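Please open the structure in your viewer and keep the sequence panel beside it. This tour goes from one selection to the next and says what is to be found at each stop.

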Amino acid sequence: MAWTLTSAVARIAGLVGVSERRPAEEPATTDPLFVRAFQRAVDRASAADAKALGVARDQMGDDAPVLFRAVASGAPVSAIAALAAAWETLDPEAREAVGNPVMRPQSHLRWVHVEARQVDQTTCGAATMAAMLMQGDPFVALWVVTGRTLADYIPPEVLAVMAEDAPVRGLDERWNALQRVLHAQTTTSAIGPVAWPRSLGTPPWKVDDHTRFAGLRFRGAIVDDSSPETLAPVLSHARRALADGIPVPLYASGDSSLGLDSVIPRHVVLLVGDTGDGFLVYEPGTARVLPLADADMRPGAGRQAALGSWSRASWVVLPVPRRA
């Protein structure tokens with residue numbers, strides 16, 4: 001059977017009695033992640049800030065989930081209130097793009113007129129991280145889509161772009177600049193103090209360190225797709241995350257049938273929806289949102305468009321429970 005590096009490592013670990021640690025699941029809850037985050041913020045806020053958050057939620061009306069994501073991003077109350085006050089001044093296309101950048105029905109991932117393609121062949125990881133960041137932080141999405149910041153609040157990734165003094169007048173320039181900053185952050189000090197060659201893309205073990213989403217911690221895990229039984233726990237974790245509104249970065253590779261240079265993780269995509277028997281996947285090379293069936297994530301299934309024309313799943317980045 002053709003093999004990948006990650007499936008081989010997982011099998012060897014099993015033979016010597018060392019199992020791959022996968023993120024533990026949190027207890028089930030009826031409240032979505034962002035609703036819980038908003039309620040925690042209200043409970044911990046001063047009376048004045050709690051009132052301001054309530055007013056902002058009421059201002060947003062049916063778009064209150066956007067505000068809940070803004071709160072979960074860790075932004076100050078002043079910025080959250082400013083977002084609610086400015087919301088109706090945005091044109092409909094901008095509101096749609098900021099309100100739900102990634103996890104909405106669409107065949108192509110685009111914001112207004114710009115498709116969310118990776119900026120070059122090395123930034124698939126940075127593009128998936130940037131798209132996930134925009135989904136989790138409406139202030140980053142607002143800046144990418146409109147160039148605006150609110151109430152003197154600048155998200156850290158946007159501040160890093162500004163420090164680079166890159167051209168950011170257009171939406172496409174801002175999207176590309178965000179990718180480049182994230183790519184630089186994930187390749188610096190990737191192996192102890194040693195930088196990762198940017199030409200090799202994003203090292204898998206750095207994505208969990210640099211994924212900022214709703215204050216969660218993330219951990220990468222090896223994917224052993226050699227059988228449905230070994231793959232099932234990973235898919236279960238991914239579905240649990242998606243049900244809570246959390247996209248899931250997934251690395252893809254080839255296998256030994258395509259040559260030894262194909263057995264390592266080679267491309268990064270983002271799971272953005274659960275279809276029941278598969279997933280919807282943002283593929284940054286084409287900016288398309290494509291279906292990927294569970295049955296197609298197995299040896300011998302062949303190249304998958306949703307995996308950037310690679311054939312195997314090799315590494316996944318999942319949320320882990322907060323420490324008590």
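A residue is called buried here when its relative accessible area is under 20%, exposed when that value is over 50%, and partly exposed in between. With that in mind, select helix H8, where Pro138, Phe139, Val140, Ala141, Leu142, Trp143, Val144 and Val145 are buried. Please remember throughout that you are looking at a predicted model.

**The whole chain**

Before going further into the helix, zoom out and show the chain as a cartoon, in which 12 helices and eight strands make up the secondary structure. Of the 324 residues in the chain, 51% are buried. If you switch on a surface, the chain exposes about 14,500 Å², and carbon and sulfur atoms supply 55% of that area. Among contacts between residues at least 6 apart in sequence, 66% join residues that are at least 24 apart.

**Helix H8 and its two ends**

Return now to H8, which is mostly covered, with eight of its nine residues buried. Which residue caps the N-terminal end of H8? Select Asp137 and show its side chain: one of its oxygens lies 2.9 Å from the backbone nitrogen of Phe139, and in this way Asp137 caps the helix. Then move to the other side of the helix and select Gly147, which comes just after H8 and takes a positive phi of about 85°.

Within the helix, which covers residues 138-146, pick out Val144. Its relative accessibility is 0%, so Val144 counts as buried. Leaving out residues up to four places away in sequence, Val144 touches Met134, Leu171, Arg174, Trp175 and Leu178. If you draw a distance between the C-alpha atoms of Val144 and Met134, you should read 8.3 Å, for two residues that are 10 apart in sequence.

**Salt bridges**

Side chains of opposite charge can pair when their charged atoms come close. A search of the whole structure finds 10 salt bridges, and three of them are visited here.

Go back to Asp137 and add Arg212 to the selection, because the side chains of these two residues meet in a salt bridge, 2.8 Å from N to O, and Asp137 is buried, with a relative accessible area of 1%. Arg212, by contrast, has a relative accessible area of 24% and is therefore partly exposed.

Next, select Asp294 and Arg239, whose side chains form a salt bridge of 3.0 Å, N to O. Asp294 sits in the loop between strand S7 (288-293) and strand S8 (312-320), while Arg239 belongs to helix H12 (residues 228-243), so the pair ties together parts that are 55 residues apart in sequence. Here Asp294 is partly exposed at 22% relative accessibility, whereas Arg239 is buried at 18%. Moving on from this pair, show Arg110, Glu115 and Arg117 together, which are joined into one network by salt bridges that share partners. One of the bridges to look for is that between Glu115 and Arg110, at 3.0 Å, N to O. Glu115 is partly exposed at 23% relative accessibility, and Arg110 is likewise partly exposed, at 36%.

**A buried charge in strand S6**

Now select Glu283, which lies in strand S6 (residues 278-283). How far from Glu283 is the nearest side chain of opposite charge? That side chain is Arg117, 7.0 Å away, and Glu283 is buried yet has no salt bridge. What you can find instead is a polar contact of 2.7 Å between the side chains of Glu283 and His267. To see the surroundings, leave aside the neighbours within four places in sequence and show the residues in contact with Glu283, among them His267, Val269, Arg288 and Leu290.

**Two rings to finish**

A pair of aromatic rings is described by the distance of the centres and the angle of the planes. The whole structure holds four aromatic pairs. For one pair, select Phe38 and Phe68, whose ring centres are 4.8 Å apart and whose planes stand at 45°, so the pair is tilted. Phe38 is in helix H2 (residues 33-44) and Phe68 in helix H4 (residues 64-72), which makes this a link between distant parts of the chain, 30 residues apart. Phe38 counts as buried at 4% relative accessibility, and Phe68 is buried with a relative accessible area of 13%.

Methods:
Residues are numbered from 1 along each chain as its sequence is written. This is a predicted model: local features need pLDDT of at least 70, side-chain atom pairs count only at pLDDT 80 or more; totals for chains, interfaces and linings use all residues. Side-chain values use heavy atoms; hydrogens and water are left out. Helices (H or I, at least four residues) and strands (E, at least two) are DSSP runs, numbered from the N terminus. Buried means under 20% relative accessible area, exposed over 50%, partly exposed in between (1.4 Å probe, protein chains only). Lys and Arg count as positive and Asp and Glu as negative; His and the chain ends are not counted. A salt bridge is a side-chain nitrogen of Lys or Arg within 4 Å of a carboxyl oxygen of Asp or Glu. A polar contact is a pair of N or O atoms within 3.5 Å; within protein, one must be able to donate a hydrogen and the other to accept it, and residues adjacent in sequence count only if both atoms are side-chain atoms. Contact means heavy atoms within 4.5 Å. Accessible areas come from the Shrake-Rupley method with a 1.4 Å probe; for residues, only the protein chains shown count as cover. Rings of Phe, Tyr and Trp (its six-membered ring) pair if their centres lie within 6.5 Å; planes under 30 degrees apart count as stacked, over 60 as edge-to-face and the rest as tilted.
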